[in-house]
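Colleague: Before I rely on a model like this, I would like to learn how to read its strands, helices, cores and cysteines in a sensible order. Could you take me through it feature by feature?

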Amino acid sequence: MVTVTVTAKFHNPSLSRRKEWQHATCLYRDTKQFCIDGWENDDFGKSVTTASIDNDLYSAIQNQAIREAKSDHNKDGEVRYRESQPFAVNNQNWEIDTTENGTVVVGFPCVSQWWYTPIEVYDDIADPVDRLVEGDADKTRLQVYRRGDDWYCTFNTEYDADTSGETPVGVDIGERHILAVTAYGEDESMLVSGGEAKYVRRKYRSLRDSLSEAGALRARNRVGDKEQRRIKDLNHKLSRRLITFAEQFENPVIRMEDLEGIRENSSWSGVHSWHFHQLQQFITYKAERAGIHVEKVDAHHTSQQCSACSSMGTRDGDHFSCSECGRGRHADLNASENIAQREGEPCTA
């Protein structure tokens with residue numbers, strides 16, 4: 001199953017539509033706050049229904065507001081909605097279709113009526129939108145919100161992927177080699193040293209320590225900002241390089257280890273502060289823009305298992321050897337090949 005997030009801009013909605021949508025965002029906020037206050041004051045139980053909501057929102061939108069308020073109320077801390085809230089409707093109460101001239105329109109209830117409004121379909125979202133219109137995909141809840149002077153909607157599409165002809169591209173992220181990549185079945189791989197990242201971290205850690213000792217806290221904070229920018233720039237470059245590597249193969253699918261597993265199982269103390277999550281995010285959203293699916297796989301034993309025969313082998317520095325089949329391989333590339341062979345769960349940005 002593939003899940004793709006679609007964010008689309010509404011094309012020139014009329015003034016009356018925009019006014020009603022803006023009114024709906026305020027009513028949505030008030031509905032959620034009404035529920036939160038009622039639960040805090042024990043005015044009613046968690047089984048509150050739309051019969052208790054006194055505003056003109058369609059009941060489907062009121063129900064979604066109640067669901068979101070319940071989720072927020074279960075979190076720690078006081079809940080106060082000071083800004084208008086994007087309003088939402090569940091998957092059964094909105095539609096997507098095309099007009100006779102091929103324009104894609106999204107229809108949903110609001111306050112006075114259902115509104116059917118064209119959306120701008122960019123290349124990045126054309127495939128999932130086409131699948132949804134043709135009935136080849138399922139949709140999730142719709143969210144409508146304002147950004148500046150423009151209005152947008154966002155939703156997920158879910159569909160079964162055709163895995164025939166795929167080229168799995170396994171990605172191992174580590175300390176010595178920040179990226180070890182293998183295109184399974186293509187006899188192609190890529191290794192990227194982690195030296196630059198380690199140098200950046202050592203340099204700025206030393207600067208922070210020196211400034212802390214001198215009591216220059218403001219300067220220390222500025223150093224931290226510079227480090228973040230260097231790391232972000234490096235992660236952008238790494239993710240672009242990976243996407244370029246993957247694009248040379250037919251129907252590539254990128255598979256990466258579950259990063260939570262990396263943090264829990266790594267013996268490298270710096271793994272907890274390294275921006276693995278940011279790197280994964282950059283890889284994922286750049287892959288989606290390039291039309292490449294990304295999957296997250298179980299990290300268990302990817303470094304200890306032989307990618308050729310699945311037996312447990314031995315790692316000595318950068319070298320992996322298997323006593324069962326006699327295979328020798330770069331240890332990180334062996335791990336990336338294991339990752340490429342594992343079935344994963346869809347990962348979206």
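Modeller: Let us begin with a single pair of residues: D316 stands opposite H319 in β15. That pair belongs to the junction of β14 (314–316) with β15 (residues 319–321), where 3 bridges join the two strands in the antiparallel sense. Please keep in mind throughout that this is a predicted model.

Colleague: In what order do the strands of this open sheet lie, and how are they paired?

Modeller: The sheet is open and has 3 strands in the order β14-β15-β16, with antiparallel pairing. β14 and β16 (328–330) stand at the edges with a single partner strand each, so one side of each is left without a neighbour in the sheet. From one strand to the next, the twist averages 25°.

Colleague: Which helix lies across β14, β15 and β16?

Modeller: Helix α8 (residues 331–341) lies across these three strands, and it runs at about 90° to β16. Its setting can be read from burial: 10 of the 11 residues of α8 are buried, so the helix is largely enclosed by the rest of the structure. The buried residues of α8 include charged and polar ones as well as nonpolar ones, among them D332, N334, E337, L333 and I339.

Colleague: How should I think about side-chain directions along a helix, and what span does helix α1 reach?

Modeller: As a general idea, an α-helix has 3.6 residues a turn, so residues three or four places apart point the same way. In this structure, helix α1 (residues 15–40) has 26 residues and reaches 38 Å from its first C-alpha to its last, which is close to the 38 Å expected at 1.5 Å a residue. After α1 comes D42, whose phi is positive, near 60°.

Colleague: What is the usual sign of phi, and where do D187 and H301, with their positive phi, lie?

Modeller: Most residues other than glycine have a negative phi. D187, although not a glycine, has a positive phi of about 55°, and it lies in the loop between β10 (177–183) and β11 (188–193). H301 is likewise not a glycine and has a positive phi of about 65°; its place is the loop between β13 (293–297) and β14 (314–316). As to their surroundings, D187 is exposed, with a relative accessible area of 77%, while H301, at 33% relative accessibility, counts as partly exposed.

Colleague: How many disulfides does the structure hold?

Modeller: A disulfide is a covalent bond between the sulfur atoms of two cysteines. Here the structure holds 0 disulfides, the cut-off being sulfur atoms within 2.5 Å. The sulfur of C306 has its closest cysteine sulfur in C325, at 3.7 Å, too far for a bond. C322 is also in no disulfide, and the nearest cysteine sulfur, that of C309, is 3.5 Å away. C306 is buried, with a relative accessible area of 1%, and C322 is buried too, at 4%.

Colleague: Which residues touch the most other members of the largest nonpolar core?

Modeller: They are F10, F87, W94, V106, F108, L142 and C153, in a core of 35 residues. Strand β1 (residues 2–10) gives the most to this core, with 5 residues. Leaving aside neighbours within four places in sequence, L142 is in contact with residues including F87, W94, V106, F108 and C153. A second, separate core of 26 residues includes V192, I254, I283 and I292.

Colleague: What is the bridge partner of V89 in β7, and which strands does β7 pair with?

Modeller: The partner of V89 is L142, a residue we have just met in the largest core. Strand β2 (residues 87–89) pairs with β7 (residues 142–147) in the antiparallel sense over 3 bridges. β7 is also joined by 5 bridges to β8 (residues 150–159), again antiparallel, and within that pairing R147 stands opposite D150. The hairpin of β7 and β8 has 2 residues between the strands, and G148 takes a positive phi near 70° there.

Colleague: What should I note about the chain as a whole?

Modeller: The chain has 8 helices and 17 strands, and buried residues make up 45% of its 349 residues. Among contacts with a separation of 6 or more, 65% are accounted for by residues 24 or more positions apart.

Note on methods:
Residues numbered from 1 in each chain as written. Predicted model: local features only at pLDDT ≥ 70, side-chain atom pairs only at ≥ 80, totals over all residues. Heavy atoms only, no water. Helix = DSSP H or I, 4+ residues; strand = E, 2+ residues; numbered from the N terminus. Buried < 20%, exposed > 50% of the residue type's maximum accessible area, 1.4 Å probe, protein only. Pairing = 2+ DSSP bridges. Axes fitted to C-alpha atoms, helices over the stretch in contact; angles between N-to-C directions. Contact = heavy atoms within 4.5 Å. Expected span 1.5 Å × (residues − 1). Core = buried A, V, L, I, M, F, W, Y, C linked by side-chain atoms within 4.5 Å.
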